[in-house]
Amino acid sequence: MRKNSSLPIIAISACLTGQAVRYDGGHKYTPLLIETLSKHTTLLPVCPETAIGLSVPRNKIQLTYKNGEIRVLDTINPQIDLSDLLHDYALQFLKQYQLSGLILQEKSPSCGIDNCKTFADNGEIIAYSSGIFAATVMNHLPELPRCCAIDLRNHQQLSNFIKQVEDYHSNF
Ligand code: SF4
């Protein structure tokens with residue numbers, strides 16, 4: 001799955017492939033998604049949170065607006081700020097693989113795309129934003145086809161996404 005793989009490579013949240021890497025020890029296996037995409041692409045599971053060394057299970061983390069920017073903080077120990085680790089891991093990941101697509105689990109402070117609760121210091125929800133891993137990848141590859149798993153629930157949605165991925169891959 002290194003660069004120049006013949007099939008398009010789609011990075012996918014590892015929990016969607018059945019890996020039990022979520023903060024609560026669970027996963028989000030999505031059979032139709034995995035079985036359909038596996039026929040046409042190479043799926044590359046990635047869990048940014050375990051990749052930076054967090055354990056399973058682990059404390060929940062959340063997006064928090066702090067000093068004018070969005071940070072990822074531990075909810076039990078808010079002095080633990082994981083933003084830079086997640087950002088740097090995303091850059092390292094992008095150097096390693098030539099991606100043609102990105103599919104991420106929604107609402108995650110690492111993987112969410114525009115749908116993750118973002119809190120003020122006082123605990124109020126003030127916005128919905130992208131997780132730090134997702135935001136970093138999207139900033140660096142703005143044209144990369146990307147999707148939340150929740151938007152790939154039927155054959156038509158999957159077929160449309162695969163076409164986008166194949167078109168992007170054909171430009172390599
Ligand atoms: S960081 Fe991403 S891949 Fe890992 S458990 Fe959370 S949503 Fe799934």
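User: Where is asparagine 67 found?

Analyst: Look between the strands. Asparagine 67 sits in the loop between β3 and β4. Keep in mind that this is a predicted model.

User: What is the phi of asparagine 67?

Analyst: Read the sign, then the residue type. Phi of asparagine 67 is near 50°. That is a positive value in a residue other than glycine.

User: What do β3 and β4 form?

Analyst: They form a hairpin, with two residues between the strands. Asparagine 67 is in its turn.

User: How many bridges join β3 to β4, and do the strands run parallel or antiparallel?

Analyst: Count the bridges, then check the direction. Strand β3 covers residues 61–66, and six bridges join it to β4. The two strands run antiparallel.

User: Which residue of β4 is the bridge partner of lysine 66?

Analyst: Glutamate 69 is the partner of lysine 66. Now take another residue of β3. Isoleucine 61 has aspartate 74 in β4 as its bridge partner.

User: What is the strand order of the open sheet with mixed pairing?

Analyst: Read a sheet from one edge to the other. Here the order is β4-β3-β6-β7, four strands in an open sheet. The edge strands are β4 (69–74) and β7 (125–129), and each pairs on one side only. Neighbouring strands of this sheet are turned by 40° against each other on average, with direction ignored.

User: What is the order of the open sheet with parallel pairing?

Analyst: Use that reading again. The order is β2-β1-β5-β8, an open sheet of four strands. Its edges are β2 (42–46) and β8 (146–148), each pairing on one side only. The twist from one strand to the next averages 20°.

User: Over how many bridges do β1 and β2 pair?

Analyst: Five bridges link them, in the parallel sense. Strand β1 spans residues 9–13. For a single pair, take alanine 11, which stands opposite leucine 44 in β2.

User: Which peptide bond joins valine 56 and proline 57, cis or trans?

Analyst: Check omega. It is about -5° here, and the bond is cis. Proline 57 lies in the loop between α2 and β3.

User: What volume does the largest pocket have?

Analyst: Its volume is about 590 Å³. Next, ask what lines it. The lining has 29 residues. Arg22, Tyr23, Lys107, Ser108 and Pro109 are the ones that lie nearest the pocket centre.

User: Which elements each supply at least two residues of that lining?

Analyst: Among them are α2 (48–51), β3 and β6 (116–119). You have met β3 already, as a strand of the hairpin.

User: How do the lining residues of the largest pocket divide into nonpolar, polar and charged?

Analyst: Sort them by type. The lining of the largest pocket has 14 nonpolar, seven polar and eight charged residues.

User: Where is the ligand?

Analyst: Match the ligand to the pockets. The space it takes is the largest pocket.

User: Which residues come nearest the ligand?

Analyst: Ala14, Cys15, Cys47, Glu49 and Cys111 come nearest, out of 14 residues around the ligand.

User: How does the shell around the ligand divide?

Analyst: Keep this shell apart from the pocket lining. The shell divides into seven nonpolar, four polar and three charged residues.

Definitions and conventions
Residues numbered from 1 in each chain as written. Predicted model: local features only at pLDDT ≥ 70, side-chain atom pairs only at ≥ 80, totals over all residues. Heavy atoms only, no water. Near = heavy atom within 4 Å. 1 Å grid on protein atoms, 1.4 Å probe; cavity = no way out; pocket = protein on both sides within 12 Å on 5 of 7 lines; lining within 4 Å. Sits in = over half its atoms within 2 Å of the grid points. Nonpolar A, V, L, I, M, F, W, Y, C, P; charged D, E, K, R; others polar. Pairing = 2+ DSSP bridges. Axes fitted to C-alpha atoms, helices over the stretch in contact; angles between N-to-C directions. Points joined across faces, edges and corners; volume = space filled by probe spheres on them.
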